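Colleague: I've got a new model open and I'd like to learn how to read it. Could you walk me through some features?

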Amino acid sequence: MSVAVMSSALPTPFSAHASIPPHITETDHVQRSLVQLRSKSDGLEQYIFLNGLKERDPSLFYKILLSNMMEIIPILYTPTASVGDACTYYSQIWRHPEGLYISIKHKGHIRQILRQYPVGANPRIAVVTDGSRILGLGDLGANGLPISIGKLDLYIAGAGIRPSSVIPICLDVGTNTQRIIDDPLYIGLTNTVLCARKQMEEFMEEFMSAVSEVFPELLVQFEDFSTDNAFKYLDLFRARYRVFNDDIQGTGAVVLSGFLNAARISSAASGIPLTEHKILFFGAGSSGIGVAKQLVSFFTELGMNADEAKKHIYTVDSKGLITADRKGLQEHKKFFARTDYEGPALTNLADIVKYVQPTALLGLSTIGGAFTEEVVKLMAAMNKRPIIFPLSNPVSKCELSFKDAINWTNGRVVFASGSPYKPVVHEGTTYEAGQGNNMYMFPGIGLGAILSKSEHITDAMVEKAAIALSTSLNEEESSHELVYPRLERIRDISAQIALAVARQAHKDGVENNSVLRNLNDYDALRHIKGKMW
C-alpha cells in the first residue's frame, strides 16, 4: 500500500522524464551520436556501435544513415574490414536477435516459423544467405547474417524501402570451416557434415514455397551462396518466384553499366570500334561468370548474336585460361570455355594477356594483388586507355590498388573497383576511382519490382537497369570521365533504375500494377520518389 501512495505522489509528467537530463532536447543528439561513432578508430567497434544504436533508437539510426550515407555505408555494407570483421566475429559480438534464422533442422516446419516472425504487414524484400561464400572470406555459416542486414539497410537508405517491410534471413545448413566449428561461441549448427544435395534441394524448395505463401508480395534476394548453388537456385526458382541473385545479376548489371561508359572512353581515345573490344575475366566463380554473361549483352546491343558476342570474352580460373578440352570442367564454366586455342595450357596471367590482347581486364578472383606491375604495364602497352576493373572484395582481396593502377599506366587507366579507394594525385592531376558498388543496382531493381508488382525478375529488366545506371551521370561527372555517378545521388539513381525496371516489366508481361504504365517519365519519377520512405 505504501508503495502505491509513494508512486501516486509524483506527478505523471515527472515520472516519465525524471531520468532524462533537463536540457537534452536542446542539444543535437544526431551530432552527439556521430561524435561517439567517430571516436572509435576500429571498424568493428564502429559497426557494433551502429548496431546498438539501431536497437536502441531505430529512428535516430536511420536519420543518421540517410544524412551521412557516404560515411556510414562503408561500415554497414561496403566490403571493407568493418562488415567483413562483423561477419567473421559475429558469434562473438552477437547481442540480440536481428534477423530470422531458418535451420536445416526446421525442415518440414518453415511455414510455421515464417508466420511467427514479427514483421510489418506485407513485407516486401528479404535478403537471404546461407553464409557459404561471404565477401571472399569463405564459408562463415550462421555468421553471415550481417550481410543480409547490411544489404537491407541499403535498400532502406538507397531506395526508401520501409524498415518494417524487410526481413534479413540466414539459412543455417552447417559450415565446413573448422575454426568456426571449433569456436565454443559459434551460434550456428556445428555439424561438420553438410546437407546432402537432395536434402538441401528439398529444404530450398520448402523455403521458397513457404515464403511465397506466407509473404505473397515478397521479393527474395539471394546473397553469398556458394558458386554452384548460386547458379542452381537462381535457375531453379527464377521462373516460379519473385527472386533475384545479387552476386550474379546485380554484380553483372553494375559492371555492365560501368563497362558501357569505360568502353566509350577507351574507344574515343584509341579509335577502336566498340565491337572490337575484348574482355578478359580473371576469376570464374558465380560473380565472374555472372558478370561475363551480363556483358554478352554489351555486344548483342551492338548488333551481334550471342555466339558472336561470346567470342569477345575470355575467362581465367586458378588453372589458367578456360578451354573446352579441359577435363572435369565445372558446368558453369563451360559457357565461355574457348574452343579456338591449341597449345599447352596457359596458366600465367601475363602470358594469357599477351595471347588474348584484351582491351579490358576484369578481376573477380578474390586474389589480392593478382594484377601485377607486369600485367598492368602490358595492358597499358596494348591500349591507349586500358580498362582495368579489379572488382574483388574486401580491399585485402582486390586484384589491384587504385594508386598502383594510376602510377603503372601514367594515369591512362579507366578504372573501377569493387571496394572504395580515395582519389590519387599523379603528376599534379587528381584521379577518382570508380566503384562498381552493387548498391547502385539492387535497391533500384527491388523498388522497380515492388512498384510494378512484377511476377518475376527477367533478364531484360536487369539489363535495362544497367543501361539506366550508365546514362544517369550528370554533366560534371561525365566531364571528369567517371564511369559511375556519385553515390551521394543514390536515391535519384534508384528512382531512374526503378522506372526502367518497371517499364521493362510491362514489356515482358510480368507487371501487375499499371500505375507507372499510364504516366510519362517525368510524372512516373515523381510518383516513385513520392513512394520512398
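**Reading strands, sheets and helix pairs**

Modeller: Let's start with one strand, and keep in mind that this is a predicted model. From S7, the residues Ile313, Thr315 and Asp317 point one way while Tyr314 and Val316 point the other way, and all are buried.

Colleague: How many of the residues of S7 are buried, and what follows from that?

Modeller: Burial is a matter of accessibility, with under 20% relative accessible area as the cut-off. For S7 the count is 5 of the 5 residues, so the strand is largely enclosed by the rest of the structure.

Colleague: Which sheet does S7 sit in, and in what order do the strands come?

Modeller: Read across the sheet, not along the chain. Here 7 strands make an open sheet ordered S8-S7-S6-S9-S10-S11-S14, and the pairing is mixed. At the edges you find strand S8 (320-321) and strand S14 (434-435), each pairing on one side only.

Colleague: Do S6 and S7 count as parallel or antiparallel, and over how many bridges?

Modeller: Strand S6 (residues 279-282) pairs with strand S7 (residues 313-317) in the parallel sense, over 4 bridges. To line them up on screen, put Ile279 against its bridge partner in S7, Ile313, and then look for Phe282 opposite Val316. A helix lies against this sheet too: helix H17 (residues 349-356) packs on it and touches S6, S7 and S8, with a direction about 165 degrees from that of S6.

Colleague: What about the pairing of S7 with S8?

Modeller: Those two run antiparallel, joined by 2 bridges. Val316 stands opposite Leu321 in S8, and the link between the two strands is a hairpin through 2 residues.

Colleague: Now the other sheet: what is its strand order, and how do its strands pair?

Modeller: Same approach. The 5 strands of this open sheet follow the order S1-S3-S2-S4-S5, with parallel pairing. Strand S1 (100-103) and strand S5 (243-245) each have a single partner strand, so one side of each has no neighbour in the sheet. On average, neighbouring strands are turned by 25 degrees against each other, direction ignored. Inside the sheet, strand S2 (residues 125-129) and strand S4 (residues 219-222) run parallel and are joined by 4 bridges; Val127 has Gln221 in S4 as its bridge partner. Helix H20 (residues 442-452) packs on this sheet, touching S2, S4 and S5, and its direction makes about 155 degrees with that of S4.

Colleague: On to helix pairs. At what angle do H14 and H15 pack?

Modeller: With two helices, check the angle and then the gap between axes. Helix H14 (residues 246-270) and helix H15 (residues 286-300) pack at about 50 degrees, with axes 8 Å apart, and they are therefore oblique to each other. Their crossing is right-handed. The contact between H14 and H15 has 10 nonpolar, 8 polar and 1 charged residues.

Colleague: And how do H3 and H4 lie relative to each other?

Modeller: Roughly antiparallel, because over 145 degrees is the cut-off for that label. The axes of helix H3 (residues 29-38) and helix H4 (residues 43-56) cross at roughly 150 degrees and come within 9 Å. In H3, Ser33, Gln36 and Leu37 meet Gln46, Phe49, Leu50 and Leu53 in H4. That contact divides into 4 nonpolar, 3 polar and no charged residues.

Colleague: One last residue: is Thr227 buried or exposed?

Modeller: Thr227, found in helix H13 (residues 227-237), counts as buried because its relative accessibility is 18%. Beyond its neighbours within four places in sequence, Thr227 is in contact with Arg133, Gly285, Ser286 and His332.

Definitions and conventions
Residues are numbered from 1 along each chain as its sequence is written. This is a predicted model: local features need pLDDT of at least 70, side-chain atom pairs count only at pLDDT 80 or more; totals for chains, interfaces and linings use all residues. Side-chain values use heavy atoms; hydrogens and water are left out. Axes are lines fitted to C-alpha atoms, for helices over the stretch in contact, and angles run from 0 to 180 degrees between N-to-C directions. Angles under 35 degrees count as roughly parallel, over 145 as roughly antiparallel, 65 to 115 as roughly perpendicular and the rest as oblique. A crossing is left-handed if the near helix is turned anticlockwise from the far one by less than a right angle, and right-handed if clockwise. Ala, Val, Leu, Ile, Met, Phe, Trp, Tyr, Cys and Pro count as nonpolar, Asp, Glu, Lys and Arg as charged, and the others, Gly among them, as polar. Two strands pair if DSSP finds at least two bridges between them. Contact means heavy atoms within 4.5 Å. Buried means under 20% relative accessible area, exposed over 50%, partly exposed in between (1.4 Å probe, protein chains only).
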